[in-house]
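Subject: Handing over a structure, with notes

Dear colleague,

I am passing on the structure below, together with a description of what was found in it. Please read the notes with the structure open beside you.

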Amino acid sequence: MQENNDNSRLTAWVRGRVQGVGFRWWTRARALELGLVGWARNTEDGRVEVVAEGPREACVKLLALLRGCDTPGRVDGVVERWSEPRGSLGGFVER
């Protein structure tokens, strides 16, 4: 089975108690460990929006971490969208 290491862009919306609990900082740390670039920001409706670009395998791992039980706060659900990377991102920042 061939692994797909083509670059991808993951956009994830994380819902739950994820604002004001260090969630964006935690997400940034995990993304940097995985070698991803992008950002995480709070949205007005209480979710955190995460955009990450890099090897698809690393994006899949980040998505699994976002859905895992070791996140700060409480994650009630994650909706994801996959797209082509735009290549305009550098580093990983909290917005």
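Arg-24 is a convenient place to begin, and it sits in helix H1, which runs over residues 23-33. Please keep in mind throughout that this is a predicted model. With a relative accessibility of 22%, Arg-24 counts as partly exposed, since buried would require a value under 20%. Setting aside residues up to four places away in sequence, Arg-24 touches Ala-40, Arg-41, Asn-42, Val-48, Glu-94 and Arg-95.

The reason for starting there is an annotation: in UniProt, an unreviewed entry assigns "active site" to Arg-24 and Asn-42. Although these positions span 19 residues in sequence, no two of their C-alpha atoms are more than 8.0 Å apart, so they gather at one spot. Asn-42 belongs to strand S2 and is likewise partly exposed, its relative accessible area being 28%. Beyond its neighbours within four places in sequence, Asn-42 is in contact with Gln-19, Arg-24, Arg-47, Val-48 and Arg-95.

The loop after Asn-42

Thr-43 lies in the loop that links strand S2 (37-42) to strand S3 (48-55), and Arg-47 is found in the loop between S2 and S3 as well. Which of the two descriptions, buried or exposed, fits Thr-43? Thr-43 is buried, because its relative accessible area is 13% and the limit for that class is under 20%. Arg-47, by contrast, is partly exposed, with a relative accessible area of 28%.

Asp-45 is a partner of both residues through side-chain polar contacts: one of 2.5 Å joins the side chains of Thr-43 and Asp-45, and another, of 3.0 Å, links the side chain of Arg-47 to that of Asp-45. Apart from neighbours within four places in sequence, Thr-43 is in contact with Gln-19, Val-48 and Glu-49. With the same kind of neighbours left aside, Arg-47 is in contact with Trp-13, Val-14, Arg-15, Val-18, Gln-19, Arg-41 and Asn-42. Arg-47 can also be placed relative to Val-75, which is 28 residues away along the chain, with 9.6 Å between the two C-alpha atoms.

The chain as a whole

Stepping back, the protein chain has two helices and five strands, and these follow the pattern β-α-β-β-α-β-β when read along the sequence. For 95 residues, a compact globule would be expected to have a radius of gyration near 12 Å, and the value for the protein chain, 12 Å, agrees with that. Taken along the principal axes, the C-alpha atoms fill a box of roughly 35 × 30 × 20 Å.

Of the 95 residues, 38% count as buried, while the chain exposes about 5500 Å², of which carbon and sulfur atoms supply 45%. Contacts also reach across the sequence: among those between residues at least 6 apart, 77% join residues at least 24 apart.

The nonpolar core

In soluble globular proteins, nonpolar side chains tend to be buried together. Here the largest nonpolar core holds 19 residues, and the members that touch the most others are Leu-36, Val-50, Leu-62 and Leu-66. Strand S1 (7-17), H1, S3 and helix H2 (56-67) each supply at least two residues of this core, and H2 gives the most, with five residues.

What does Leu-62 touch, when residues up to four places away in sequence are not counted? Its partners are Thr-27, Arg-30, Ala-31, Leu-34, Leu-36, Val-50 and Ala-52, and among them are Leu-36 and Val-50, which were named above with Leu-62 as members of the core.

Leu-63 is also found in helix H2, and it is buried, because its relative accessible area is 6%. Leaving out residues up to four places away in sequence, Leu-63 touches Leu-10, Ala-12, Val-78, Glu-80 and Trp-82. For one of these partners, Glu-80, there is also a distance to give: the residue lies 17 residues from Leu-63 along the chain, and their C-alpha atoms are separated by 8.1 Å.

To return to where the notes began, the "active site" annotation on Arg-24 and Asn-42 comes from an unreviewed UniProt entry, and such annotations may be inferred rather than shown by experiment.

With kind regards

How values were computed: Residues are numbered from 1 along each chain as its sequence is written. This is a predicted model: local features need pLDDT of at least 70, side-chain atom pairs count only at pLDDT 80 or more; totals for chains, interfaces and linings use all residues. Side-chain values use heavy atoms; hydrogens and water are left out. Helices (H or I, at least four residues) and strands (E, at least two) are DSSP runs, numbered from the N terminus. Buried means under 20% relative accessible area, exposed over 50%, partly exposed in between (1.4 Å probe, protein chains only). A polar contact is a pair of N or O atoms within 3.5 Å; within protein, one must be able to donate a hydrogen and the other to accept it, and residues adjacent in sequence count only if both atoms are side-chain atoms. Contact means heavy atoms within 4.5 Å. The radius of gyration is taken over C-alpha atoms; the globule rule is 2.2 Å times the number of residues to the power 0.38. Accessible areas come from the Shrake-Rupley method with a 1.4 Å probe; for residues, only the protein chains shown count as cover. A nonpolar core is a set of buried Ala, Val, Leu, Ile, Met, Phe, Trp, Tyr and Cys residues joined through side-chain atoms within 4.5 Å.
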